[in-house]
Amino acid sequence: MPAYEDPTPLTASECFSTRRYDFVTHATITTGQQNVWVPLGVKENVVDGIHSFGGDDNFVSTLDGDAQWLVIDFGNPKKFTQVLLIAEASPNAAMSLLKVEIRIGNTTTTTAPPAGLEEYTLFGKFPGPATPNQEIMITSNKPVSARFLSLRKFDHQFIFAVGHIEVY
Ligand SMILES: [Ca+2]
């Protein structure tokens, strides 16, 4: 078998998909402190455009309440109506994803997160608790335009973990 070669305009075929473009893919992400006991729980897991529904495909924070947030920067304002959250695969999802607020904004906050996230407009809430790999779709009643999307967890009895986020 020949080794893989990247397609050229002459060898590639066009591919059409009805899948909507997810604005989170390859966006920039900032989070509270990652949990050192979960070395694979890096924030980049949330914005790589892939979700395996496996145990290692999450961002995982520390137990510290000040670490239980994330901000996604799309680079420029995007218009969307839906935010999809996917909980971690473990039964711990019941403790790692609940009492979450999603907020949106168009500038960086003047006060550092997580407190500064109050400056953003509320998009929706997920009271939880989540079930393993639960797909949580939060829909706005009208399209919004925002460059920044934040998540903040308000129950700090356990770590904050989120497997995946998509925005349409
Ligand atoms: Ca991922």
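The exercises below work through a predicted model of one protein chain, each with a solution given in steps.

**Exercise 1. Overall architecture**

Determine which secondary-structure elements the protein chain contains, in what order they run, and how its radius of gyration stands against the globule rule.

*Solution.* Begin with the inventory: the secondary structure of the protein chain comes to one helix and eight strands. Read from the N terminus, these elements follow the order β-β-β-α-β-β-β-β-β, so that the helix comes after the third strand in the series and before the fourth. Turn next to the dimensions, where the radius of gyration is 17 Å and the globule rule gives 15 Å for 168 residues; because these two values are close, the chain is as compact as a globular protein of that length. Along the principal axes, the C-alpha atoms fill a box of roughly 55 × 35 × 25 Å. Finally, consider burial and contact range: 35% of the 168 residues count as buried, and among contacts with a separation of 6 or more, 76% are made by residues 24 or more positions apart.

**Exercise 2. The annotated span**

Find which residues UniProt lists for "domain: F5/8 type C", and describe that span in the model.

*Solution.* The UniProt record, an unreviewed entry, lists residues 37-152 under this name. In the model, the span 37-152 is 3% helix and 43% strand, and its end C-alpha atoms lie 21 Å apart.

**Exercise 3. The nonpolar core**

Identify the residues with the most contacts inside the largest nonpolar core, and work out which strands contribute to this core.

*Solution.* The largest nonpolar core has 36 residues, and those with the most contacts inside it are Ile 72, Leu 149, Val 162 and Ile 165. The elements giving two or more residues each are E2 (59-60), E3 (69-86), E4 (100-105), E5 (121-126), E6 (135-153), E7 (161-162) and E8 (164-167). Of these, E3 gives the most, with eight residues. Leu 149 can then be taken as a local example: leaving aside neighbours within four places in sequence, Leu 149 is in contact with Ile 72, Val 83, Ile 102, Ile 104 and Val 167. As general background, nonpolar side chains in soluble globular proteins tend to be buried together.

**Exercise 4. The partners of strand E3**

Establish which strands pair with E3, in what sense, and over how many bridges.

*Solution.* Take the partners in turn. Strand E1 (residues 28-31) is joined to E3 by four bridges and runs antiparallel to it, with Ile 29 standing opposite Ile 72 of E3. E6 also pairs with E3 in the antiparallel sense, here over 13 bridges, and in this pairing Val 83 has Ile 138 of E6 as its bridge partner. E8 is joined to E3 by four bridges, again antiparallel, and Leu 84 stands opposite Glu 166 in E8.

**Exercise 5. The environment of Val 167**

Decide whether Val 167 is buried or exposed, and trace its contacts across the sequence.

*Solution.* Val 167 belongs to strand E8. The cut-off for burial is 20 or more other C-beta atoms within 10 Å, and Val 167 is buried because it has 23. Leaving aside neighbours within four places in sequence, Val 167 is in contact with Asp 22, Phe 23, Val 24, Lys 78, Phe 80, Val 83 and Leu 149. A further pair shows the sequence range involved: Val 167 and Leu 85 are 82 residues apart in sequence, while their C-alpha atoms are 8.9 Å apart in space.

**Exercise 6. Backbone exceptions**

Locate the cis peptide bonds at Pro 114 and Pro 129 and the positive phi values at His 26 and Asn 133.

*Solution.* The background to keep in mind is that most residues other than glycine have a negative phi, and most peptide bonds are trans. A cis peptide bond joins Pro 113 and Pro 114, with omega about 5 degrees, and Pro 114 sits in the loop between E4 and E5. Another cis bond joins Gly 128 and Pro 129, with omega about 0 degrees, and Pro 129 lies in the loop between E5 and E6. That loop between E5 and E6 also holds Asn 133, whose phi is near 60 degrees; with 16 other C-beta atoms within 10 Å, Asn 133 is partly exposed. His 26, in the segment before E1, has a phi near 65 degrees and counts as exposed, because it has 12 C-beta neighbours inside 10 Å.

How values were computed:
Residues are numbered from 1 along each chain as its sequence is written. This is a predicted model: local features need pLDDT of at least 70, side-chain atom pairs count only at pLDDT 80 or more; totals for chains, interfaces and linings use all residues. The radius of gyration is taken over C-alpha atoms; the globule rule is 2.2 Å times the number of residues to the power 0.38. Two residues are in contact if their C-beta atoms, placed from the backbone, lie within 7 Å. UniProt positions are given in the numbering used here, feature names are shortened, and annotations may be inferred rather than shown by experiment. A nonpolar core is a set of buried Ala, Val, Leu, Ile, Met, Phe, Trp, Tyr and Cys residues joined through C-beta atoms within 7 Å. Two strands pair if DSSP finds at least two bridges between them.
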